[in-house]
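This briefing covers the pockets, the cavity, the ligand surroundings and two glutamines of one structure. The points are grouped by topic.

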Amino acid sequence: MLTFDQVHFYYRKGQPVIDNMTFTIEEGEFVAIIGSNGCGKSTIAKLMDGLLLPKEGHVNFNGLDTSEPTELARIHEQIGFVFQNPEDQFITTTVLDEVIFGLENIRVPREEIRLRLDQALQAVQMEDYLEAMPHQLSGGQKQRVAIAAILAMRPQIIIFDEATSMLDPLGRKQVLSIMHELHHQGLTIIHITHHMDEVLSAERVLLIHQGRLEFDGDPSTFFDTISVTDYQLDQPFAVRLHKLLGLNAPLTADWKEMIRSEWSMS
Ligand SMILES: Nc1ncnc2c1ncn2[C@@H]1O[C@H](COP(=O)(O)OP(=O)(O)OP(=O)(O)O)[C@@H](O)[C@H]1O
Ligand SMILES: [Mg+2]
């Protein structure tokens, strides 16, 4: 369980970036965090992991307070980060080293490293690229290696901060499908995105506006009640279609599936 309790944060005194924010994310949830540029999404992500500390209030992960220096290492181990630009997160020169780097750092035994390496690369379908140089891979492959490196650490939560935004449609689809597979296996997924169609497949949406939590609920209610253009956001195609045709079928990310289920209802 990850809790924000009346969190305030600023980079420069007198210019609040996060303003009295309170919410709880339960284990195993798939949460999308959205909002216009500069609203505070990445700051929230860094507060979750203790990379930044609240000026007031508390961020608590499974009973560990990020403001307690002695608890930070345990928090870092359990919360993984995938960023927008995979290049920024590579530290070594082969895929193999990239995935085992963190494990060697925390002195995981050899046998266990081998096992975790295999599992992590299989999960992202990159097992054939052990000796490849991360910088020479495609954008989508790079991001998958970055995810494998996080997975090998066996985190409980993975925060994806615009991790799909630099990928082409195929790369994006592959990374999204990995995110959903990991969620299916029980990981908590926090997906910060500007792609509004990706919001539809989340279980819960947090809309941030000027450092405040403006909406917290499921995607269907979100698109029903929030005028997205007020927040410089787009209406996904499936939502426009759903409204335009006045469909009774539930709103889903896949518009073809939505139409099929409408037909089967009539
Ligand atoms: N290191 C920093 N020093 C000073 N101000 C910062 C710093 N990082 C972010 N900010 C400011 O804090 C506010 C929130 O930034 P943040 O990066 O959290 O927004 P964001 O929602 O992630 O935006 P984007 O969608 O562009 O990634 C912005 O006004 C930004 O300029
Ligand atoms: Mg950001």
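The lining of the largest pocket divides by class into 15 nonpolar, five polar and four charged residues. The model is a predicted one, and the volume of this largest pocket comes to about 590 Å³. The second largest pocket has a volume of about 280 Å³, and the lining there has four nonpolar, two polar and five charged residues.

**Largest pocket**

- The pocket encloses about 590 Å³, and 24 residues line it.
- Closest to the centre of the largest pocket are Ile-91, Gly-102, Ala-149, Ile-150 and Met-153.
- Two or more lining residues come from each of helix H2 (72-78), strand E6 (79-82), helix H3 (95-105) and H5.
- H3 makes the biggest contribution to the lining of the largest pocket, with six residues.

**Second largest pocket**

- The lining of the second largest pocket consists of Pro-169, Arg-172, Lys-173, Leu-176, His-180, Asp-197, Glu-198, Ser-201, Ala-253, Asp-254 and Trp-255.
- At least two of these lining residues are supplied by each of helix H6 (169-184) and helix H7 (196-199).
- H6 accounts for the largest share of the lining of the second largest pocket, at five residues.

**Cavity**

- One cavity of 30 Å³ or more is found in a search of the whole structure.
- The largest cavity holds about 30 Å³ of space.
- Lining the largest cavity are Met-1, Leu-2, Ile-25, Glu-26, Glu-27, Phe-61, Gln-156, Ile-157 and Thr-188.
- By class, five residues of the lining of the largest cavity are nonpolar, two are polar and two are charged.

**Gln-156**

- Gln-156, one of the residues lining the largest cavity, sits in the loop between helix H5 (139-151) and strand E7 (157-161).
- Gln-156 counts as partly exposed because its relative accessibility is 26%, which falls between the 20% limit for buried and the 50% limit for exposed.
- Beyond its neighbours within four places in sequence, Gln-156 is in contact with Glu-27, Phe-61, Asn-62, Gln-78, Leu-187 and Thr-188.
- Among these contacts of Gln-156, Glu-27, Phe-61 and Thr-188 also appear in the lining of the largest cavity.
- The side chains of Gln-156 and Asn-62 are joined by a polar contact of 3.1 Å.
- From C-alpha to C-alpha, Gln-156 is 22 Å from Asp-216, and the two are 60 residues apart in sequence.

**Gln-141**

- Gln-141 is placed in helix H5.
- Gln-141 is buried because its relative accessible area is 17%, under the 20% limit.
- With neighbours within four places in sequence left aside, Gln-141 is in contact with Met-126 and Tyr-129.

**Ligand 1**

- Ligand 1 is surrounded by 13 residues, and the closest are Asn-37, Gly-38, Lys-41, Ser-42 and Thr-43.
- An oxygen atom of ligand 1 has a polar side-chain atom of Thr-43 at 2.5 Å.
- Asn-37 has a polar side-chain atom 3.0 Å from an oxygen atom of ligand 1.
- Gly-40 places a polar backbone atom 3.0 Å from an oxygen atom of ligand 1.

Technical notes:
Residues numbered from 1 in each chain as written. Chains lettered and ligands numbered in written order. Predicted model: local features only at pLDDT ≥ 70, side-chain atom pairs only at ≥ 80, totals over all residues. Heavy atoms only, no water. 1 Å grid on protein atoms, 1.4 Å probe; cavity = no way out; pocket = protein on both sides within 12 Å on 5 of 7 lines; lining within 4 Å. Points joined across faces, edges and corners; volume = space filled by probe spheres on them. Nonpolar A, V, L, I, M, F, W, Y, C, P; charged D, E, K, R; others polar. Helix = DSSP H or I, 4+ residues; strand = E, 2+ residues; numbered from the N terminus. Buried < 20%, exposed > 50% of the residue type's maximum accessible area, 1.4 Å probe, protein only. Contact = heavy atoms within 4.5 Å. Polar contact = N/O pair within 3.5 Å; in protein donor to acceptor, adjacent residues only side chain to side chain. Near = heavy atom within 4 Å.
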